[in-house]
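Let's take a walk through a protein chain together. Have the sequence and the 3D view ready, and look up each residue as we get to it.

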Amino acid sequence: TITVSAETGTETVKLAVTDTGEGIPPEHLPHIFDRFYRTDPARTRDKGGSGLGLAITRAIVEAHGGKISVASTGVPGEGTTFTIELPVKQSLSQSNTE
């Protein structure tokens, strides 16, 4: 199961994507956003990605002034949560009144 949620604040919007999959072992979490990193070194490119997706995602999020994080216990069934936090852009009418 995949759940997507959003939460708005006065200065940020927080998006969370949570699954109930096998999770990511804790020792991999510090490297999960590194280019070409894969949690399973036995996987070849023809069997599952190049290891660039999360590095590209992080670059896009940071280019918009945001940040991305991951949380996972690595316990099957408890899954993983990716959280993206982006700044809220003020409209011209709001910034002209300040």
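In which strand is Leu 15 found? Leu 15 belongs to strand β2. Strands here are DSSP runs of E with at least two residues, while helices are runs of H or I with at least four, and both are numbered from the N terminus.

## Before we start

What you see is a predicted model, where local features need pLDDT of at least 70 and side-chain atom pairs count only at pLDDT 80 or more, though totals for chains, interfaces and linings use all residues. Residues are numbered from 1 along each chain as its sequence is written, and side-chain values use heavy atoms, with hydrogens and water left out.

## The overall layout

The chain contains two helices and four strands. Going along the sequence, you meet them in the pattern β-β-α-β-β-α.

Of the 98 residues in the chain, 17% are buried. Buried means under 20% relative accessible area, exposed means over 50%, and partly exposed is in between (1.4 Å probe, protein chains only). About 7,100 Å² of the chain is exposed, and carbon and sulfur atoms supply 55% of that area. Accessible areas come from the Shrake-Rupley method with a 1.4 Å probe, and for residues only the protein chains shown count as cover.

What about contacts, meaning heavy atoms within 4.5 Å? Take the contacts between residues at least 6 apart in sequence: 47% of them join residues at least 24 apart.

## How the strands line up

Let's begin with β1, residues 2–8, and β2, residues 12–19. These two form a hairpin, with three residues between them. They run antiparallel and are joined by seven bridges; two strands count as paired if DSSP finds at least two bridges between them. Two of the facing pairs are easy to look up: Thr 8 is opposite Val 13, and Glu 7 is opposite Lys 14.

β2 also pairs with β4 (residues 80–87), again antiparallel and with seven bridges. Lys 14 turns up here too, with Glu 85 as its bridge partner in β4. Then β4 pairs with β3: six bridges join them, and they run antiparallel. In that pairing, Ser 72 stands opposite Thr 80.

## Out in the open

How many of the seven residues in β1 are buried? The count is zero, so this strand is hardly covered. Take Thr 8, which sits in β1: its relative accessible area is 67%, so it counts as exposed. Thr 8 and Val 88 are 80 residues apart along the chain, yet their C-alpha atoms are separated by 8.6 Å.

Why does Leu 15 count as partly exposed? Because its relative accessible area is 33%. Apart from neighbours within four places in sequence, Leu 15 is in contact with Ser 5, Ala 6, Phe 82, Thr 83 and Ile 84.

Val 17, also in β2, is partly exposed because its relative accessible area is 37%. Together with Ile 2 and Val 4, Val 17 makes a nonpolar surface patch of about 300 Å². Patch residues have over 30% relative accessible area and no salt bridge; like charges are joined within 9 Å, and nonpolar side chains (Val, Leu, Ile, Met, Phe, Trp, Tyr) within 5 Å. A salt bridge, in turn, is a side-chain nitrogen of Lys or Arg within 4 Å of a carboxyl oxygen of Asp or Glu.

## Inside the core

Now for Ile 68, in strand β3 (residues 67–72). Is Ile 68 buried or exposed? It counts as buried, because its relative accessibility is 15%. The strand has two faces: Ile 68, Val 70 and Ser 72 are on the covered one, while Lys 67, Ser 69 and Ala 71 are on the uncovered one.

Ile 68 is also part of the largest nonpolar core, which has seven residues: Ile 24, Leu 29, Ile 32, Phe 33, Val 61, Ile 68 and Val 70. Such a core is a set of buried Ala, Val, Leu, Ile, Met, Phe, Trp, Tyr and Cys residues joined through side-chain atoms within 4.5 Å. In soluble globular proteins, nonpolar side chains tend to be buried together.

Which residues does Ile 68 touch, not counting residues up to four places away in sequence? They are Phe 33, Thr 57, Arg 58, Val 61, Thr 83 and Ile 84. As for Leu 15 and Ile 68, they are 53 residues apart in sequence and 9.4 Å apart in space, C-alpha to C-alpha.

Key. Contact = heavy atoms within 4.5 Å.
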